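Got your viewer open? Load the model, get comfortable with the mouse, and follow along stop by stop.

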Amino acid sequence: MNGVLVGIVLAVALGAVWALVTLSRSRRGGVASESAHDMLIQFGEQSLELTSAREVLAFAGEAAAVIFGAARSVAFESGAGEGQWDAAVAGGDALGEVPAALRGVFGWVKHNPAAAGLGELGDARFGAMRGPLRQLMSQYDTDLLVPLVDDGQMLGALGVKLGKRASDVDPALLRLFQAQITAACGNVRLHGEAAHSINLAREVTLASAIHDTLVASTRVGGAGPLRWSGDIEVAGDAGSDFWSVYPLSDGRVVMVVGDAVGSGLAGSMASAVVKSCCDALIEGGTAAGDAGVLLGGLSRALYRPSAPVHTRCFAVIFDPRAGVVRYANAGHSVPYHLRADGVLGVLAGSGPLLGDAEHTTYNGHELALERGDVFVLFTDGLVKCEGEGGKPFGERRLQRLIADARGQGPAALRRTIIAALREHRGDRPLRDDAAVIVVEVAGDA
């Protein structure tokens, strides 16, 4: 918007300035100053519609030919590498990378943005930069360098071959021309920044929408003697942790919790793939009875030899009728098991990350399921969450919270853990998602 306003102001001011300046004849068939005047107005109006600095500089070269009778114009743009500058005939062939010995010119003109002419390099203001400026103009067959600096940022430069001293060109006209090119390049930059912000916002929105599908539709639930309650604290605008619960018709309940290796949209997409595959495997009945088989199927679905995507995952099957709980682990945090008599243990077991190899098997484990048992599943973002001085939340703190919460019920214990997490980190940003799911056997198994 600022670039557009500058262009409008310049176009309006042109009428007043024009009465005070005298233009040289153009090289295009002796076109009079009136044609140069028209070209300057046309450039001011149309340059703001261009979408790249290269287009602006090409158009500026055409305008310089009409306005100043320039025989040649060279565009200088920032290159791909740090401090690199590339040169090209304005609107024409590339001239390659500017030699490293001459790059200092662009750093100097950033702080000295007035146009520099070959015939005036003897002025004191050029100092030690006389040599590099003279060499730059000589190498690219120009005799005037017009820097394009906007709000302290170097947008580019235009080299022009006038065939005469810069002092013979009306200074007010030259300043107007320079301001218009700068405004047009600044406008391109603003549009680019706006487009980047819009794309970033779209990415965040997409990642957030995807992540909303990665957690159970309701945070509190139950089936038979089982009761559960889960929550997740997302780091930033999109998360990569996920959890889901699948109550089966025979009374069993399958629960899966995981953490994709990655963040933002990439992490959310990886988690979405795992979650979708999990839905398909369980609903199809091929893996509902064996946690190890379920993780093996998920790993095969995620495996990509050329672009590996890894995910930590824990799968558990609660079977109240049989009085057992079966589980398997794919590189995930080990859940806690609080027995009715107050003894705190873990669901021990380990295995490779999902997607680690094409054919991966996971060992299944089993233990008795009894009334009063409490299970706490969580992702590593919970225990790694940093507080004051970088101190992590830690396993010990979580163990104490679980042990002290006997008889509270899953929802109350989940709230206690999340509240302790928030108190621990205070105003510090969460660096990784933190999910926690509490399961209790409230009736006879």
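**First stop: the start of α8**

Select Asp-290 and Gly-292 and show their atoms: at the start of helix α8, a side-chain oxygen of Asp-290 comes to within 2.9 Å of the backbone nitrogen of Gly-292. Keep in mind as you look that this is a predicted model.

Now widen the selection to residues 291-302, which is the whole of α8, with 12 residues. Put a distance between its first and last C-alpha and you should get 17 Å, close to the expected 16 Å. Is this helix mostly covered or mostly bare? Mostly covered: 9 of the 12 residues in α8 are buried. To see them, colour Ala-291, Gly-292, Leu-294, Leu-295, Gly-296, Gly-297, Leu-298, Ser-299 and Leu-302. Gly-292, whose nitrogen you just looked at, is among those buried residues.

**Second stop: Asp-319**

Next, pick residues 311-319, which make up strand β11, and look for Asp-319 there. Why does Asp-319 count as buried? Its relative accessibility is 9%, and buried means under 20%.

Zoom in on the side chain of Asp-319: it reaches the backbone nitrogen of Ala-322 at 3.3 Å. Then bring up the residues around it. Which ones touch Asp-319, once neighbours within four places in sequence are set aside? Show Arg-252, Val-324, Arg-326 and Leu-369, and you have them.

**Third stop: α11**

Jump to residues 410-425 for helix α11, which has 16 residues. From its first C-alpha to its last it reaches 23 Å, close to the 22 Å expected.

Colour the buried residues of α11: Pro-410, Ala-412, Leu-413, Arg-414, Ile-417, Ile-418, Ala-420, Leu-421, His-424 and Arg-425. What do they pack against? Turn on the strands β7 (220-223), β8 (226-233), β16 (374-378) and β17 (434-441), along with the helices α9 (380-384) and α10 (395-403).

Before leaving, click on Gly-426, which follows α11 and has a positive phi, near 60°.

**Last stop: the whole protein**

Clear your selections and zoom out. In cartoon view you can look for 11 helices and 17 strands. Of the 445 residues, 49% are buried. Switch to a surface view: the accessible surface comes to about 20,400 Å², and 51% of it belongs to carbon and sulfur atoms. Finally, think about how the chain meets itself: among contacts between residues at least 6 apart in sequence, 66% join residues at least 24 apart.

How values were computed
Residues are numbered from 1 along each chain as its sequence is written. This is a predicted model: local features need pLDDT of at least 70, side-chain atom pairs count only at pLDDT 80 or more; totals for chains, interfaces and linings use all residues. Side-chain values use heavy atoms; hydrogens and water are left out. Helices (H or I, at least four residues) and strands (E, at least two) are DSSP runs, numbered from the N terminus. Buried means under 20% relative accessible area, exposed over 50%, partly exposed in between (1.4 Å probe, protein chains only). Contact means heavy atoms within 4.5 Å. Accessible areas come from the Shrake-Rupley method with a 1.4 Å probe; for residues, only the protein chains shown count as cover. The expected span of a helix is 1.5 Å times one less than its number of residues. A polar contact is a pair of N or O atoms within 3.5 Å; within protein, one must be able to donate a hydrogen and the other to accept it, and residues adjacent in sequence count only if both atoms are side-chain atoms.
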